[in-house]
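Here are my notes on the model you sent. They are set out as numbered points, to be read with the structure open.

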Amino acid sequence: MNIDIVSPRIHNLGDFAHCLPVLSALYKRFNTKISFTICDRLQRFKGIKELLLEQEMFSNVWFFHEKQFNPMNCVIIDD
C-alpha cells in the first residue's frame, strides 16, 4: 500500500523543495512509501524524477500528465 500524493501546481523548484520535509515526515510516521505525482512544468529540471526516486520514501514519481485520476477517489484543486 502507498500513500498517494498529488502536487499539480507547484512548479517552482524552491517552493517544491519545501514540501519534501513534510513528505519525509509522513513516510516516517506511517512507515508507508509515497506515490508522488508532480506538476508537468517540473519536467524542465532534467533528472528530477530520477533524483526523487533515489529517496527511500518514494515508490513512484509521476508527472501529472502521466497519471489518470478517478474523480470519485481524489480531489484535484486547480485554481
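1. Start with Ser 7, which lies in strand 1. The model is a predicted one. Ser 7 has a relative accessible area of 9%, so this residue counts as buried. Leaving out residues up to four places away in sequence, Ser 7 touches Phe 36, Thr 37, Ile 38 and Cys 39.

2. Thr 37 sits on the other side of that contact, in strand 2. Its relative accessible area is 1%, and the residue is therefore buried. Which residues does Thr 37 touch, neighbours within four places in sequence aside? Ile 5, Val 6 and Ser 7 are on the list. So are Trp 62, Phe 63, Phe 64, Lys 67 and Phe 69. Thr 37 is also the bridge partner of Val 6.

3. Now take strand 2 as a whole. Five of its five residues are buried, so the strand is largely enclosed by the rest of the structure. Both of its faces are covered. Ile 34, Phe 36 and Ile 38 are buried on one side. Ser 35 and Thr 37 are buried on the other.

4. How are the strands arranged in the sheet? Three strands form an open sheet, in the order 1-2-3, and the pairing is parallel. Strand 1 (3–7) and strand 3 are the edge strands, each pairing on one side only. From one strand to the next, the twist averages 15°. Strand 1 and strand 2 pair over five bridges, in the parallel sense. One pair of bridge partners is Ile 3 and Ile 34, the latter in strand 2. Helix 1 packs on this sheet and touches strand 1, strand 2 and strand 3. The direction of helix 1 makes about 160° with that of strand 2.

5. The chain as a whole is simple to describe. It has two helices and three strands. From the N terminus on, the elements run β-α-β-α-β. The protein chain has 79 residues, and buried ones make up 27% of them. Consider the contacts between residues at least 6 apart in sequence: 69% of these join residues at least 24 apart. The accessible surface comes to about 5700 Å². Carbon and sulfur atoms account for 54% of that surface.

6. Next, the core. In soluble globular proteins, nonpolar side chains tend to be buried together. Here the largest nonpolar core has 16 residues. Those with the most contacts inside it are Phe 16, Leu 23, Phe 36, Ile 38, Leu 52 and Phe 58. Which elements give two or more residues to this core? They are helix 1 (13–30), strand 2 (34–38), helix 2 (48–53) and strand 3 (58–63). Helix 1 supplies the largest share, four residues.

7. Phe 16 deserves a look of its own. Setting aside its neighbours within four places in sequence, Phe 16 is in contact with Ile 10, Phe 36, Ile 38, Leu 42, Ile 48 and Leu 52. Of these partners, Phe 36, Ile 38 and Leu 52 are also listed among the residues with the most contacts inside the core.

8. How many disulfides are there? The count is zero, with a pair of cysteine sulfur atoms within 2.5 Å as the rule. Two cysteines can be checked for burial. Cys 19 has a relative accessible area of 17%, so it is buried. Cys 39 is at 5% relative accessibility and therefore counts as buried.

9. Is Leu 51 buried or exposed? This residue is in helix 2. Leu 51 is exposed, because its relative accessible area is 54% and the cut-off for exposed is over 50%. The C-alpha atoms of Leu 51 and Val 61 are separated by 9.9 Å, and the two residues are 10 apart along the chain.

10. Last, check the backbone at Asn 31. This residue lies in the loop between helix 1 and strand 2. Most residues other than glycine have a negative phi. Phi of Asn 31 is near 50°, a positive value. At 65% relative accessibility, Asn 31 counts as exposed.

Technical notes. Residues numbered from 1 in each chain as written. Predicted model: local features only at pLDDT ≥ 70, side-chain atom pairs only at ≥ 80, totals over all residues. Heavy atoms only, no water. Core = buried A, V, L, I, M, F, W, Y, C linked by side-chain atoms within 4.5 Å. Buried < 20%, exposed > 50% of the residue type's maximum accessible area, 1.4 Å probe, protein only. Contact = heavy atoms within 4.5 Å. Areas by Shrake-Rupley, 256 points an atom, 1.4 Å probe, with all protein chains shown as cover. Pairing = 2+ DSSP bridges. Axes fitted to C-alpha atoms, helices over the stretch in contact; angles between N-to-C directions.
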